[in-house]
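Subject: Structure for you to look at

Hello,

Please find the structure below, with notes on what was found in it. Have it open while you read.

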Amino acid sequence: MQTISVKCKLQVPVELRQEIDRTLRGFADACNQIYEVATAENCWNTTKLHHLVYKAVRASTGLKANHVCQAIRRVIGNVKAVKQVHKFRPTSINLDIRTFQYIEELQTVGITLMCGRVKFKLSIGNYQLALLKGQNPTAATLNKTKQGDYYINICVYLPTEPTGRTPKVIGVDLGRRDIATTSTGKAWNGKQIQNVRDRYSKVRANIQRKRTRSARRLTRRLSGRESRFQKWLNHNISKQLVREAKQFNAALAFEDLTNIRESLNQKPRSKTERRRTNNWAFYQLRMFTQYKANIAGVPIVFVPPAYTSQTCSRCYHFHPVKGKSYRNGKIFKCGHCGFEHDADINAANVIAALGASVISPESPGMTCQLESQLSLFPTSQICG
Ligand SMILES: [Zn+2]
């Protein structure tokens, strides 16, 4: 099962806005109180914390019983996730089976506020309808945006297909010139996207020079539009990646980019280039691909990123001289076997080969993940 959250806009009559806001304030207030007690007592166990705070918090906030239970969970969850917790603000509340209900026939949700159970109509499109069809969700989060709109994120479980064992692997290289290139030769050209990003970035720089309030507001709006664009794009690419893998009954292999910032930033880079690598776009693309692959039953493997772009995908050699590479911009030309290929596709091929060695350790010459790395890389130092 894969959990995803479906974001739905709520239709809120004017007179009910203050009721929601009051509950949101109560919830934030409860969280802040609970956090204070938990810190003072150094208690981070849900049950123990419940005994410590429940009665006092209910009495002082007027929240319903399950609101307080969820506030305790929110506090503990937040502390585990971010370590340093700032003040809780009245912008969202967690709902559970006792405080939330989705009624499919009517396209409404029932939400328990401080004043009691209230029904709200959803304004949603076919995308949300399809995801919610036949679901009986038991958890949701109610959010208020800066613009004053109300949304509910409904948690649904989607069945996943069993991931079969497959010897085939499609390697995916995430680059700067192209956003993504696969070992099957598909590429998503980053040029148009980069133009959009550069344009936003230029506009932002101009605005930031003027340090007025309205300028700051404009910056926020711009970055929102930019990130929505990126999100749309990443959904698109990840969908196509998973579809292709499914079609070929293959696994997807990515580089493990956990520490990519450090390694990429060792070399001096221009400001523009640094901005391109230090964004969360790649992270988001992998995350989207991961959950879509999970639903479709496509296995995903992560391989170590060292040398993938400099290694020949035919003979697995890389340049013997430190700091030199067979890669020259868009072209890869192996000095050992003479193999010449598009540099990004070559890298994707190497990633696919590494992925295959992880997935099927019994493939010849590669017995485990570690050994596969050893057998792939140091050869050029011996033979080269
Ligand atoms: Zn070669």
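Phe-100 faces Ile-111 of strand 4 as its partner across the sheet. The model is a predicted one, in which local features need pLDDT of at least 70 and side-chain atom pairs count only at pLDDT 80 or more, while totals for chains, interfaces and linings use all residues. Residue numbers start from 1 along each chain as its sequence is written.

Strand 3 and strand 4 (residues 108-113) are antiparallel and share four bridges. Strands here are DSSP runs (E, at least two residues), as are helices (H or I, at least four), numbered from the N terminus. Two strands count as paired if DSSP finds at least two bridges between them.

What is the order of the seven strands in the open sheet? The order is 2-6-7-1-5-4-3, with antiparallel pairing. Strand 2 and strand 3 (100-103) each have a single partner strand, so one side of each has no neighbour in the sheet.

Strand 1 (residues 2-11) pairs with strand 7 (residues 150-158) over eight bridges, and one of the partnerships is Gln-2 with Leu-158. Strand 1 is also joined to strand 5 (residues 116-123), by three bridges; there Leu-10 is partnered by Leu-122.

On confidence, the chain has an average pLDDT (the predictor's confidence in each residue, from 0 to 100) of 82, and 79% of the residues score at least 70. Among the elements of the chain, strand 2 (residues 92-95) has the highest mean, 97, and helix 12 (residues 379-383) the lowest, 30.

Regards
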